[in-house]
Amino acid sequence: MIIKLAGLIIDVKNKYSYFNDFCRGFEAEGKPHFTVEVPDKVMKKVIEENPDCSDGYLESLEIYRIICRKILKYDAMLMHCAAVAVDGEAYLFTAVSGTGKTTHIRLWAEKFGDRFLVVNGDKPILRMRNGKFFACGTPWRGKENYGHNVVAPIKAVCILERGETNEIEKIAPHEAISTVLTQTLRTSDMYEMEKMLVLTDKLLGSVPFYRLRCNMDPEAADVSYNGMQE
């Protein structure tokens, strides 16, 4: 199956039909930038370690792991976050699991209505083109399945934390780097790691970062959006 993610055409040699259904809406034609196939020995091990999951589902996860390593060559990287867009500009929310990203997405949806769109609720691809970063939708979008096959320029990145009151502050790159690194791809390959660190550094240097402490009242959406306008 040939799909298109973040402007890259990918030839996926999948073995299970699950992947074809999973990637519906991301089909593409043309000369692939690269090919992806999960080795049989890897699939065998993954299936043995996850007996409660379907083989097709497990294959889809392994395919994305391979894709996220290969895209580094094309100035693109995975980031575990929720990417939403308002008026065509993307805002990224990242946090430790259980902090409330999904709830915050819903608050933004209620506030902005038709101006609002979820790019990807869990694992978007970030790609740098001509010095600017874009958030790109993918089929891998979390258990809520929030997302669309769209690309939007990134306006800001927000580190989400729980708080008694709603407050937001702009932070320096060095204050955000540890959080960002924990939400990106982990690889033992030296070239891939170096490429990922270079991209992370460029992201921190070109996109404003914020820290939002919020209590998930509707006011939180106003505070976060207004605080990220410059």
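Which helix lies across β1, β2 and β3? In this predicted model, that element is helix α3, formed by residues 55-70. Its direction is set at about 155 degrees to that of β3.

The strands beneath this description can be taken in turn. The sheet is open and consists of 3 strands, arranged in the order β1-β2-β3 with mixed pairing. Its edges are β1, residues 2-5, and β3, residues 34-36, each of which pairs on one side only. From one strand to the next, the twist averages 35 degrees. Between β1 and β2, the latter covering residues 8-12, the pairing is antiparallel and comprises 4 bridges. Within this pair of strands, Ile-3 is placed opposite Ile-10 of β2.

Helix α3 also leads to the largest pocket of the model, as α3 supplies the largest share of that pocket's lining, namely 9 residues. The space in the largest pocket amounts to about 590 Å³. The lining is made up of 27 residues, and those closest to the pocket centre are Leu-61, Tyr-64, Arg-65, Leu-78 and Lys-123. Two or more lining residues are given by α1, which spans residues 18-22, and by α3.

What classes of residue make up the lining of the largest pocket? There are 11 nonpolar, 8 polar and 8 charged residues in the lining. Helix α3 thus appears in both parts of this account: it lies across the three strands β1, β2 and β3, and it gives 9 residues to the lining of the largest pocket.

Conventions. Residues are numbered from 1 along each chain as its sequence is written. This is a predicted model: local features need pLDDT of at least 70, side-chain atom pairs count only at pLDDT 80 or more; totals for chains, interfaces and linings use all residues. Side-chain values use heavy atoms; hydrogens and water are left out. Two strands pair if DSSP finds at least two bridges between them. Axes are lines fitted to C-alpha atoms, for helices over the stretch in contact, and angles run from 0 to 180 degrees between N-to-C directions. Contact means heavy atoms within 4.5 Å. On a 1 Å grid over the protein atoms alone, a cavity is a set of points where a 1.4 Å probe fits but cannot get out, and a pocket is an open set with protein on both sides within 12 Å along at least five of seven lines; lining residues have an atom within 4 Å of a point. Grid points are joined across faces, edges and corners, and a volume is the space filled by probe spheres set on the points. Ala, Val, Leu, Ile, Met, Phe, Trp, Tyr, Cys and Pro count as nonpolar, Asp, Glu, Lys and Arg as charged, and the others, Gly among them, as polar.
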